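Student: I would like to go through this protein step by step. Can we take it as questions and answers?

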Amino acid sequence: MAQHIFDYAIIGSGLTGLCIATALSRETNNIALIDSADVPGGVNRKINFPTGVINNGLRCIPDSILAEKGIRFLENLIERTVQSKISEEAPITYESGNFKTFLGFGDNPPAFYEELNYFTANKKIELDIQPHDWTEILFEKFTGNFMPRSYVTKFHQEGNVVTHITINGSKTIYAHNFIFTGNVKDLALLLPEEALSVRARSKLSKNIYWTSISLDICHSKNLTDSTAIHVLNGTTQDDIGPCIGRFLPAQEVDGVLQQSSQWLTFIESESTEDSEAIGLSLKKMKRQIKRAYPEALDHIKIERIFISPIISGNGDLKVSGNLSLPSLQNLWIASPTMNDSKNLVGSLLQSEMILSALGFKLEQSTEHAEYLDQTTLEPSL
Ligand SMILES: Cc1cc2nc3c(=O)[nH]c(=O)nc-3n(C[C@H](O)[C@H](O)[C@H](O)COP(=O)(O)OP(=O)(O)OC[C@H]3O[C@@H](n4cnc5c(N)ncnc54)[C@H](O)[C@@H]3O)c2cc1C
């Protein structure tokens, strides 16, 4: 029997994979969207909490021209308005028994300074639709073939193109074009020996990655009306460093006000499997939260821990002018760590760039264009 050949095989159904897959769906249904997970959405899948659906960990987007560009791309793709306004609120910290404006990490910044610093911008994009909704709406609009529980274990090369990939060590998927949205570091294992130079492999192994530790808590009462980002330090400077977090608006559940909060810190990626290091980090986070809000951990309704091996870092891999790998002309690397913006914005911008490299132009639907014309957004500086 002749082997089916997909037009596109997209590895990863997180925000990046879904943006690309959904856009390409406007052109063809012959797309394989492949993910090792059971469900689409990647790290931006929805989480059900007693106070309602929440993001999978803390999410915020500092305002910038590039961030707004990324949001416009998304709005065009999902045909909905995502951004409501730009808000301005300084982050706060807890010191000597009081909350104060957070003025920076001073002379002793944590090793994961860049990751935390991202969250401390005063100006943020306020979202009407949250990242967990983005992935859900994108997936609804995707018309190709979703393949869950499918772990890509190898790319196969003939000449300067990828011909097929192996899934779960046995199944084969053929496609004309391959788009990889997973961890760039994994390419050192997934690609054939000849596809990456020794130098490229060595560069990949030297990239710096962090593991994020997220702690989401549903508190049994309303603790604060503050919507500010909190930067919480321990009483002593230690290896664990500060954590960052925010309270969500309180919600009435069974006639009682409950409030959720989301906290985040980082550990070195080498410690991802080290349960002792993770446990210690969580203990310190809780201590920091309790110091600022002594009742925060009393009678909590639920707590949720989420460890994500890589949140950021620098996917330093040389690609050709059309963003494919120089040695494999039909393999595009779409991971947001390849984009200068990284994070959610990097995901959106990298998707947009890959689509444009594939020669795909996203036409704005007339209905959405008319809607946007009527919507006035506060401009950013
Ligand atoms: C806890 C946390 C908080 C964050 N907070 C913010 C924030 O506030 N602001 C911000 O801008 N950004 C934030 N980010 C970063 C942002 O969410 C991510 O950069 C972005 O969502 C990544 O989307 P993605 O689709 O590229 O990756 P992912 O969501 O990780 O999706 C990749 C998918 O690829 C699949 N995959 C990988 N390798 C393979 C393989 N070999 N075979 C099959 N499937 C594979 C995975 O299963 C996964 O589903 C946060 C991230 C985390 C984890």
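Student: How many residues of α1 are buried?
Tutor: This is a predicted model, so keep that in mind throughout. Helix α1 is mostly covered. Its buried residues include L15, I20 and L24. Out of eleven residues in α1, the buried number is ten.

Student: What covers the buried residues of α1?
Tutor: The cover includes both helices and strands. Among the strands are β1 (5-11), β2 (31-34) and β12 (171-180). The helices include α2 (65-78), α4 (131-141) and α8.

Student: Which helix gives the most to the largest nonpolar core?
Tutor: That core has 87 residues, and A9, I10, I20, A32, I34 and I179 touch the most other members. One helix, residues 15-25, contributes seven residues to the core. It is α1.

Student: From which domains does this core draw at least three residues each?
Tutor: The domain assignment splits the chain into discontinuous pieces, 1-82 + 128-207 + 313-381 and 87-124 + 210-309. The core takes at least three residues from each of them. They are domain 1 and domain 2.

Student: Which residues does I179 touch, not counting residues up to four places away in sequence?
Tutor: I179 is one of the core residues that touch the most other members. Its contacts include I20, which is also a buried residue of α1. The full set is Y8, I10, I11, I20, W332, A334 and I354.

Student: How many residues of domain 2 are in contact with domain 1?
Tutor: The C-alpha centres of domain 1 and domain 2 lie 29 Å apart. Domain 1 puts 16 residues into the contact. Those divide into eight nonpolar, seven polar and one charged. From domain 2 the number is 24.

Student: Which element supplies the largest share of the shell around the ligand?
Tutor: The shell draws at least three residues from each of domain 1 and domain 2. α1, β13 (210-219) and α8 (343-357) each supply at least two. The largest share is four residues, and they come from α8.

Student: Which residues come nearest to the ligand?
Tutor: There are 35 residues around the ligand. By class they are 15 nonpolar, 17 polar and three charged. Those that come nearest are G12, G14, G42, G57 and G182.

Student: What is the bridge partner of T93 in β7?
Tutor: Strands β6 (residues 92-95) and β7 (residues 98-101) run antiparallel, joined by four bridges. Two residues lie between the strands, and S96 takes a positive phi near 45° there. The partner of T93 is K100.

Student: Is A296 buried or exposed?
Tutor: A296 sits in the loop between α7 (275-292) and β18 (302-308). Beyond its sequence neighbours within four places, A296 contacts H219, L223, I289 and K290. It has 20 other C-beta atoms within 10 Å, and therefore counts as buried.

Student: Is E79 exposed or partly exposed?
Tutor: E79 is in the loop between α2 and β5 (83-88). E79 has a positive phi of about 55°, although it is not a glycine. Because E79 has 15 C-beta neighbours inside 10 Å, the class is partly exposed.

Student: Is R149 buried or exposed?
Tutor: R149 lies in the loop between β9 (145-147) and β10 (152-158). Its phi is positive, about 50°, although R149 is not a glycine. R149 has 12 C-beta neighbours inside 10 Å, so it counts as exposed.

Key: Residues numbered from 1 in each chain as written. Predicted model: local features only at pLDDT ≥ 70, side-chain atom pairs only at ≥ 80, totals over all residues. Core = buried A, V, L, I, M, F, W, Y, C linked by C-beta atoms within 7 Å. Domains from an automatic or database assignment. Contact = placed C-beta atoms within 7 Å. Near = placed C-beta within 6 Å. Nonpolar A, V, L, I, M, F, W, Y, C, P; charged D, E, K, R; others polar. Pairing = 2+ DSSP bridges.
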